[in-house]
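Student: I would like a close look at one part of this model: the site around the ligand. Please set it beside the other spaces and the backbone details that can be listed.

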Amino acid sequence: MKTIIEPFRIKAVEPIKFTTASEREHILADAGYNPFLIKAEDIIIDLLTDSGTSAMSAKQWAGIMDGDESYAGSRSFYRFEEMVKLITGMKYVIPTHQGRAAEKILFSIVGQEGKFIPNNTHFDTTRANIEFSGANAVDLLNEDGKRPEVIADFKGNMDVEKLREFIEATGVEHIPMVMITVTNNSGGGQPVSMQNVKDVRAVCDQYGLPLFIDACRFAENAYFIKKREQGYADRSILSICQEMFSYADGMTMSAKKDALVNIGGFLAMNNENLAMQCRNVLIVTEGFPTYGGLAGRDLEAIAQGLEEILDEDYLHYRIRSVEYLGDKLIEAGVPLMRPTGGHAIYLDAKTFCPHIPVEQYPGQSVAIALYQKGGVRACEIGSVMFGKYDENGQLVPAAMELVRLAIPRRVYTQSHIDYVAEVIIEVFQEREKLRGVKLTYEAPMLRHFTARFAFVE
Ligand SMILES: *Cc1c(COP(=O)(O)O)cnc(C)c1O
C-alpha cells in the first residue's frame, strides 16, 4: 500500500479552537507580532517546537497512574534504568528534570575556563551550559550541512578531519570530551551516519578523549541509518541504537524528544568516578539519585516511551510525515532546507521573500504571515534569534534566515499537515505582499522570546 497511515488510533481528543482572519489580526497586534507571545488556545496548528509536545500513549498514561512515588529506590526508577541500559549499554544512569539539567551537571564538572568542547553543532542550551561553565563550545559540522540546497544523506556528520586538526591545534589537555548530536537539531534535524560516529570514536581513541552523544533524537537518527546507510537495512532499530551508543562513553538526553514525554531527561555514562561526581551535583540541584528532578510517574512514562520509540512502524510514519509536508512544498516551489530532516521543516525565508532585506527580518515576516493566514505557529530561526549588533549598532545577521515548523510527535493527522501545506503555499503565492518588520522592544539576551515588532512603512 502506498498510503502510510498513522500507526495509532485516537483515544482522547483535545479540541482545537478556530479563529477567523480578522480575529487573528487583532491577536497578532496584541502579541507585538511575536508568535511566542500568542496564547496557545488562539493557535490552530502549533508547530513552535517538537519538545515536550508529544501525545502520550494509553500505556504511558497508565504508567502515570502506576508510578511509584517512593523517595528512594522507586520501582519506576528501576524500570527506567533498565530501559536506558538496554538501549545504551551505559553503566550509570542519572535522571534529571530535562536535557539542560543533564548538561548543567556534566559541564559544571568537566567544563571550565580554558577548556574546549567540540560537537557537530551544539544545541543552544548545550552551548549556553558550556559557556556558563567558562568553557568554549566549538562547532565542526561538515560543509554540506551548512548549505540548505545540497541534498545528501548525512548532513549532520562531524567533519572528522577538522576535529583532528582542532585537537592538534588546541592541545588534547584542553579538551575534556568530544560530543556529537544526533540528529543535528540546530542544523535542520539532519542525521549522523554510523560511519561518522565510528570515525569520531577512532579520533577520540587516538587522543584518549571520551565521546558523549547528545542523544535527544537517537531513534529518529537510527531510522535514517537503517534507511540510508549500507549494511543496516535488516537491522532492528534497537540494535542500531545499541551499536551507536557502544562507541560512546556517555550521553545526555532530553526525554521531551524521543522518549515521547512532556517533561524529563537523563545523563548516562560508563565512568564510575565521573558518575559519582555527577550524582553529588544532582543531589544538590535536582534530587536523590533514583528520582533526579522527576516524579516516579514521569520515570514510568519515560520507560514506556523509550520502548515505543523503537517501533519501526512509528518511525516510518514519523519521518515520512515530515517528508510528506516537505514534498508538497517542494512541488509548489516553496524554498526549504533539503532533504527534510527528522523533526521539522525549515523554510528558507531569504529565498521565500527576496524583497525583504535581512535587516527587516524576512523570517519573522513569514512566521507572522503563516499565523495570519491560517493560525499556524512557526518559529523564526534567523536574525531575530541569532542576530547580533556590531560596535556601531549595525545588525550582524545570522548565517541563514529560516522559519522552522517542528512537528509534535503523534499529535497531528495527515489532514492537519495538508492544511499546513495549504497555508504555507498560499502565503508563498502572495509573497510579494509580505512586508518587513522592525523591533519595537528587545531584551538584552535571548530576545526572540519577548521581542515586539511593527511593520516597516
Ligand atoms: C532539546 C534539546 C536539548 C535540551 O533539552 P531540554 O529538555 O529542552 O532542556 C539539548 N540538545 C538537543 C539536541 C535538544 O534538541
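Tutor: The model is a predicted one. Helices and strands in what follows are DSSP runs, numbered from the N terminus; a helix is H or I with at least four residues, and a strand is E with at least two. In those terms, Tyr 361 sits in the loop that joins helix H13 (349-352) to H14. Tyr 361 is not a glycine, yet its phi is positive, near 50°.

Now the ligand site. Fifteen residues surround the ligand, and those that come nearest are Arg 100, Asp 214, Arg 217, Ser 254 and Lys 257. By class, the shell holds two nonpolar, seven polar and six charged residues. Two helices, H4 (99-110) and H5 (124-132), each contribute at least two residues to the shell. H4 contributes the most, three residues.

Polar contacts to ligand oxygen can be listed for three side chains. For Arg 100, an N or O atom of the side chain is 2.7 Å from an oxygen atom of the ligand. Arg 217 has a polar side-chain atom at 2.8 Å from a ligand oxygen, and Gln 98 has one at 2.9 Å. The ligand taken alone exposes 380 Å², and the protein buries 98% of that.

The ligand shell overlaps with one of the enclosed spaces. There are two cavities of 30 Å³ or more. The second largest has a volume of about 40 Å³. Its lining consists of Phe 123, Thr 181, Asn 185, Asp 214, Cys 216, Arg 217 and Lys 257; Asp 214, Arg 217 and Lys 257 are also among the residues that come nearest to the ligand. Two nonpolar, two polar and three charged residues make up this lining.

The largest cavity contains about 60 Å³ of space. Helix H14 (362-374) and strand S11 (379-381) are the elements that give two or more residues to its lining. Among the lining residues are Asn 34, Phe 36, Gln 364, Ala 367, Cys 379, Glu 380 and His 448. Its lining divides into seven nonpolar, three polar and one charged.

For comparison with an open space, take the second largest pocket, with a volume of about 1,500 Å³. Its lining has 37 residues, and nearest its centre lie Ala 12, Glu 14, Ala 55, Arg 410 and Val 411. The classes there are 18 nonpolar, eight polar and eleven charged. Helices H2 (58-66) and H11 (296-309) each supply at least two lining residues, and H2 has the largest share, with three. This pocket lies between domain 1 (21-50 + 311-455) and domain 2 (58-308), because both domains give residues to its lining.

One more backbone detail remains. The peptide bond leading from Arg 338 into Pro 339 is cis, with omega near -10°. Pro 339 belongs to the loop between helix H12 (312-331) and strand S9 (344-348).

Conventions
Residues are numbered from 1 along each chain as its sequence is written. This is a predicted model: local features need pLDDT of at least 70, side-chain atom pairs count only at pLDDT 80 or more; totals for chains, interfaces and linings use all residues. Side-chain values use heavy atoms; hydrogens and water are left out. On a 1 Å grid over the protein atoms alone, a cavity is a set of points where a 1.4 Å probe fits but cannot get out, and a pocket is an open set with protein on both sides within 12 Å along at least five of seven lines; lining residues have an atom within 4 Å of a point. Grid points are joined across faces, edges and corners, and a volume is the space filled by probe spheres set on the points. Ala, Val, Leu, Ile, Met, Phe, Trp, Tyr, Cys and Pro count as nonpolar, Asp, Glu, Lys and Arg as charged, and the others, Gly among them, as polar. Domain bounds come from an automatic or database domain assignment. A residue is near a molecule or strand if one of its heavy atoms lies within 4 Å of it. A polar contact is a pair of N or O atoms within 3.5 Å; within protein, one must be able to donate a hydrogen and the other to accept it, and residues adjacent in sequence count only if both atoms are side-chain atoms. Accessible areas come from the Shrake-Rupley method with a 1.4 Å probe; for residues, only the protein chains shown count as cover.
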